[in-house]
Structure formats: structure tokens, C-alpha cells
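Welcome, and please have your viewer ready. We will go from stop to stop, selecting a few residues each time and looking at what is there.

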Amino acid sequence: MLDGRWRTAGRALLRVAAVWAVSTLTMLALAGILPDFQLQSDDGDSVTRTAFTAAWGAGAFGLLSAVVWPVLVRALLVVPALVLGALVFFLNGSLLLIALRLIPDGRGAAGPENAVVVAAVMSAVASATSTALAVRDDDAYRRRLSRLADRRRRRSGTPGTADGGRGGPPGIVFVQLDGVGHDVLVRAAAAGLMPTVAARLADEAGHRLTPWTTDWSSQTGASQLGILHGSTFDVPAFRWYEKETGTLMVSSRPASALELQRRAIARTHDGGLLTMDGASRGNLFSGGADQLALVLSMAARRGKGRRSRAGYFAYFSDPANAVRTAVSFVAEVVREIGQSTAARARRASPRVKRGGLYPFIRAFATVVERDVVVSAVIGDMFAGRTAVYADLVAYDEVAHHSGPHSRDAEKVLQRLDRSLGLITKVADHTPRTYRIVLLSDHGQSPGETFAGRYGLTLKDLVRAGCGLPVPRRAQRTRSASEARDAVRIALHRPVGDGEAEHPATPSDPVVLASGNLGLLSFPDIAGRASREELDHRHPALLSTLADHPGIGFLLVRSERHGSVVLGHGVEVPVSELRDGEGPLAGYGPGAAQAVRRTDGFPHVADVMVNSMYDPDTGCVHAFEEQIGSHGGLGGAQSRPFLLSPRTLTDPLDAVAADAASGTETAAGLVGAESVHRVLARWLRELSGPQVPLLAEGYGGAGPADEPFPASGAAPRGGGEGAAAGAAVPPGAGGAVPPPAGSVAVPPPGGSGAVPGPGGSDAVPGPSAGGVGPGARG
């Protein structure tokens, strides 16, 4: 045993020496390249003396980075997350200047600009070197992880195996590939774009792929609320207008997301899917987790408990992470500019504008959010958390602007697959075994925009039908973007939750878009407007919309026949709707039930407008500036997927069991609420029936002034369960600092220990053991 320990210590010292030597050589090379960076006295020095100076500087820089850097980052928690990412370079350069001043006889000197460059290069080189060395010593890496896992188990009292191996029930990691439809996933795997996914699809004995069907509102706000909190009730679209308060609800706005989370909790009386030792990463909603990072609903919280951006700080606390992500960020911006320029040059059609800030928003979604979320998930797995739910939004953002089947989107799928591969490999080293489940919240349907095809927006068409003035040139309808609002939050920029499209006069309609789903509301009409009242006020409106070739059907309330669906000369009462018939011909199975369900929502719009759908091409016309869209009915947008290990109950068997008990229909996996029940069943199978209802109390200690709303709370706007004053209960989304012993780990290429927020342990990546900012032990 002593021989083994001596060998382990010897290997660690060799890694330290190797990284130190490479850092020294890097510093010497940079001194020869950069004119304002020197390691010699003015009179010149011998080669030996210069090498000694470089070695001293590299060692001092590594020591300062290991000791001082975490303290600096922790002191900068008030700085906006993306600003911190840029500030990392200047702080890193400052540490290099201090290290140079520690060299005897003042032989080290560098200009401020060169100091930033030298520090960044040294961090990146040290990271790559130490990672390469650790790959050659997997046993040492596994032993270190095992020791840290044992330490955490001793602190928390979690039982382990006698030999230090993995014990306890398995955990589960849900990775959501935002916007990736079932058919896109299968096609990408078959084309070799996603080898990690392809291996799972080929392993029919070990994994199963199950498609599921969304509600009418096929977008993240509804689907993720249903998956994490078990309710999609009264979420008619991505954005909608609530007359009684004059509020514009937008799913990606923090205050709206928090309110939706409150309403779901009040309706279900359950804190969410992740209430038992769960973590929510990169999502719109918390799912009841007490470990949060990049959760939009929590960005609306104020006070000491607000830590929705903790994941940024844990990630950027390592300068090598910041260097790698910054380089990838710049590369992605350049890539987007090149791709959009090429699309214009070849006159690709359909096409939307991709200038302005979009290249930076795309880079944020495809690089920054991906790196931070994957890092947080890895940290959760090393910490042994029971359930983790993470959303990777990269594909959805790119597909909106480039198309769901474009080469741009395919490249993003390749990079997402590498992230999935990393998570899968990490699972071999975690203190407990994990079941990894892949799923999506919706797909995307391609097609030219409504404005691009017909020369006017939905708002223009509505105004024409109402006899109101229409601009001579079609105005762009702003595209819904979760990434855009996430960027604003990361920069501490206000997100206008009350930014409604106020009508010029009280009688003017409010026209909103959610992909290929449009919503019309008349603020001066109390309650839900009727067809008869609209015909009296605007005789041409409904016929103008229903007969337009770009519109598939309308939903409107009738005083005589109840709600009706109109489309191209056909009128069918909602109670008599049938799939594949009348206005719903071609929209596929489940369309009639989806329309009927939405018709019963308290905040359904006065007129719901679904664009046309061509079953032969799968195309729709988005009412926003998107050539890949989702939000309504029609095509691949309504067909996401669930890819799960066969050790878990078949989702269709779970649905059948619920149907037998009277809690579910037997029509397959329909609606996000059904997916929630399947995932909750899997958690019970792995951990036992321990997931408590909210009324019984659950994970996390939140502020005492946020009690769980009584079951009889008055619903907002007359809607069942939509409690106006329902507060988030303890742990339902209050970002609570991680308990002692939690772990944060950098993603691939990460260099050293990433300090977790709240005094958590830092687990070194494969590069641990070296000298320098990229290899701290």
C-alpha cells in the first residue's frame, strides 16, 4: 500500500514538473515573440539566467492563480456574468504582472496589453498539457474522484460501499435538446452527425426512442412548465395578453416565468420534478430544485437568496475556462457572419435577416450557455445529486434563423453530441450510477415567413380586416428568443416584462405571434370577445383571416354555437371537431383535442390563428422572423422525442397504467403533463416513493415569507389554479447556496478545480496536479 501511495505521489509530482516546464517554455517563447515582454535585464542575460527567470515567473503565476484567483472571483459576484467573462482576461493579466514583479532583480516586465495576452496563452497551454498528461493516468484520476466522493458521503451521511465503490440508488440526468424533433434526431444519427446518440439508437436492447406529441402551444414555455411542474394549463402560447390586468405574459421573461411557475404549483400542489435533491440548469423554470444555475424564473427574485447566475461564476472562476470559451465565442461570431454572408451570396431561400446583435446572441446560446450548463451538470453528477434537468438551447436558436435542416444547424448538432458524449463518459467516474435520459420539448417546422411570402405581417392583415391604417411597407415582427432574454439577464440589463404591444387606441387589437400561432385580443372588450360582437364591430375581419391562403384555421367563441373553428369557408363547432377533417385536415392526430383543450383556458385569446400547413412539404408560415418555427400546430414542431434506458419503465406502458387507473388516456404519450408523469414515475422507481407532495414540504429551505399557497387560493382571471398571489414555496425556486461538500467540475478542456458557489468543494479535472492557472491541485 505504501508503494502505491509513493507511486501516486511520484506521478503527481511528475505532472507538476511537466506542466511547470511547459509553462516556462511558453513564457520564453512569448518573450521572444512579443516586443514589450521581456525576461532579461537591459544588458542581456545568459540562456541559463533567462530560463531561470522564466521558470520563476511561471511558478509565481501558477501559485498566484491557484491561491488568489478564487478569492478575486468570489469578490466579484455583483458583476454581470458576461462582464465577468471579459474581466477574467484583465484580472489574469494583472496576476501575471504581479508574478513578474516577484522575479528577483526585476528582470520580468510586460506592457498591460501583452500581460493579458501572455496570461491567456499560458492558461490555455497549461490546461492542454495537464489534460493530456491526465489522460495517460486514468487510474489516478479515478482514485482522486473516488476520494472526493467518499469525503462528500462522510459529510452528508450518505451510505457507500465498503470498498469505496459506488453505492446507493442510481441518480438520473435529464438532458433536454431544445427544439430537436424526433425525425431530426433520427436523421442526424443516421448521417453520422451524432455518434453518441447513434450508439444509443443502435443499442435497441439498452435504449428506446419514444416520440411524443405536444399541446397546441408547441414551445418551451408550455412544454418545460409541463415537464418540470406537471401543468400546462392556461399557457396558450409563448406570449399572450391578459385583459384583466393589461399584462403581456412572455414565457422567457423572468417575472412571467416566475408567475407561471407559481400558478403551476398552486394547481398541482406539487413543488416540481426536482424537489428531492434536484438541480435545474439552463431552464425557464426551477422544477422545485434547490440547486439552480441560469434559471430564468429565478432571475425575477431579489435579495440574498437570488443566485440564478451562480453557474456563470463557478465556471468563469477558472481563467482557462474563460479563455477557451472566449475563443470559441469569437469563433462562433465569425462563423455566423460567414454563414449568413454565404447565404446572401447564393440567395438562399427562405432567408431572414441575421445581422445586428444576432451573431452575439447565437454565440451566447451555442457556446457560453452550453459550456456553463454542461459544466454544472458534470458538477452535479460528481456531487451525487439525485435528479438533474438541463436544457441545451443551441440548436433551437440556430434553427430559427438558418432552418431546422440547414448545414448550420447540423454543425450545432455535432457539437451538442460531443457534450452528450462527455456527460456519458463522466458518468463512469461519479460516486453513484446514473441513468441518462435525452429528450426534447418540441421540434421545428420549416417554411418561409408569413411576411416574406405575402408581403405583410399578421398585424397588418388584422388591421386591414378591421379597417385600420396599414403601413405601406411590412414591418418586421420581432422574433421570440429565449437566448436574447438570457443575454440581457446575464448583462444585468432590464427585461421589459410589461413591454406590451399597446394599441394606439383602446379599440385597436393587440396582435401577438408565437411561431406560426397568432393571438388577437381586443382590450376594450371585457372577457373573451364573441364572434357576433367582432362581426358587428369589424364585419370583414374574420372572413379576411379565415379566407387568407397563409392561414389554416381560426378559433373564436360564438354566442350561438359555442366556440367554433373557421377555415376557408368551413365552420365547425369545437365540440364536433375531428382529426383530419374540415379545417384541421392535414394537421395530424391529436389536433382536435389540442384545440378543444386550449379553448377551455381562461386566457385563450379572442381569436387564435394557426398558419397554413402543407403536409407534403412539412412547411408552415411563421408570423415571426423565423424560417424554422414552433408554437402552433403543423408538422415536426409537434413531435419531440424521449430517449431512455430500457432499465426504466417503457413510457407507453406507464401511460397505459395511468389510463387503467383513470388518470391518463391511452392515446400514447400526448402532452407535456404526460411526460412529467413518466419522468416522475422513473424517479420513484430509482429512489423509491419518496418524492413528497408540496403540501408535505420538500427540498430546500427558502425564505420564511414565501409560504405554500393554500389549496383554496383564488385563481387569477377566473382560471382554475392560476393563483394571483401564489408565492413560490420554500425551495420551489429560491436559489439556495449548495450544501457543504457539493462539487463543480469544468467541462472538457477545463483546466483545474472550479470552485463551486457557497463554499463547495472543487473537483479537479483530468488536468489536476500541475502548476499554473490551468492546473491547480
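Between which helix and which strand is aspartate 606 found? Select this residue and you will land in the loop between helix H21 (591–599) and strand S17 (607–611). Keep in mind as you look around that this is a predicted model.

**Stop one: around aspartate 606**

Turn on a surface, if you like: aspartate 606 is buried, because its relative accessible area is 2% and anything under 20% counts as buried. Now show its neighbours. Leaving aside residues up to four places away in sequence, aspartate 606 touches Lys243, Leu520, Ser521, Phe522, Gly527, Arg528, Ala529, Leu555 and Val556.

Two of these neighbours deserve a click. Pick lysine 243, whose side chain is joined to that of aspartate 606 by a polar contact of 2.8 Å. Then pick phenylalanine 522: its backbone nitrogen lies 2.8 Å from a polar atom of the aspartate 606 side chain. For a sense of how the chain folds back here, add proline 523, which is 83 residues from aspartate 606 in sequence but 9.8 Å away in space, C-alpha to C-alpha.

**Stop two: helix H14**

Next, select residues 394–402, which make up helix H14. Is this helix enclosed or open? Nine of its nine residues are buried, so H14 is largely enclosed by the rest of the structure. Among the buried residues are Tyr395, Asp396, Glu397, His400 and His401. Step just past the helix and you meet glycine 403, which has a positive phi, near 105°.

**Stop three: aromatic rings**

How many aromatic pairs does a search of the whole structure find? The count is eight. To see one of them, select tryptophan 216 and phenylalanine 553: their ring centres are 5.7 Å apart and their planes meet at 35°, so this pair is tilted. The pair links distant parts of the chain, 337 residues apart, with tryptophan 216 in the loop between strand S4 (207–211) and helix H9 (220–229) and phenylalanine 553 in strand S14 (residues 551–558). Tryptophan 216 is buried, with a relative accessible area of 0%, and phenylalanine 553 is buried with a value of 0% too. Add Tyr587 and Tyr613 to your selection, and you have one aromatic cluster together with Trp216 and Phe553.

**Last stop: a charge over a ring**

Finally, select arginine 267 and phenylalanine 233. The charged end of arginine 267 sits over the phenylalanine 233 ring, 3.9 Å from the ring's centre.

Terms used: Residues numbered from 1 in each chain as written. Predicted model: local features only at pLDDT ≥ 70, side-chain atom pairs only at ≥ 80, totals over all residues. Heavy atoms only, no water. Helix = DSSP H or I, 4+ residues; strand = E, 2+ residues; numbered from the N terminus. Buried < 20%, exposed > 50% of the residue type's maximum accessible area, 1.4 Å probe, protein only. Contact = heavy atoms within 4.5 Å. Polar contact = N/O pair within 3.5 Å; in protein donor to acceptor, adjacent residues only side chain to side chain. Phe/Tyr/Trp six-rings, centres within 6.5 Å; stacked < 30°, edge-to-face > 60°. Lys NZ or Arg CZ within 6 Å of the ring centre and 35° of its normal.
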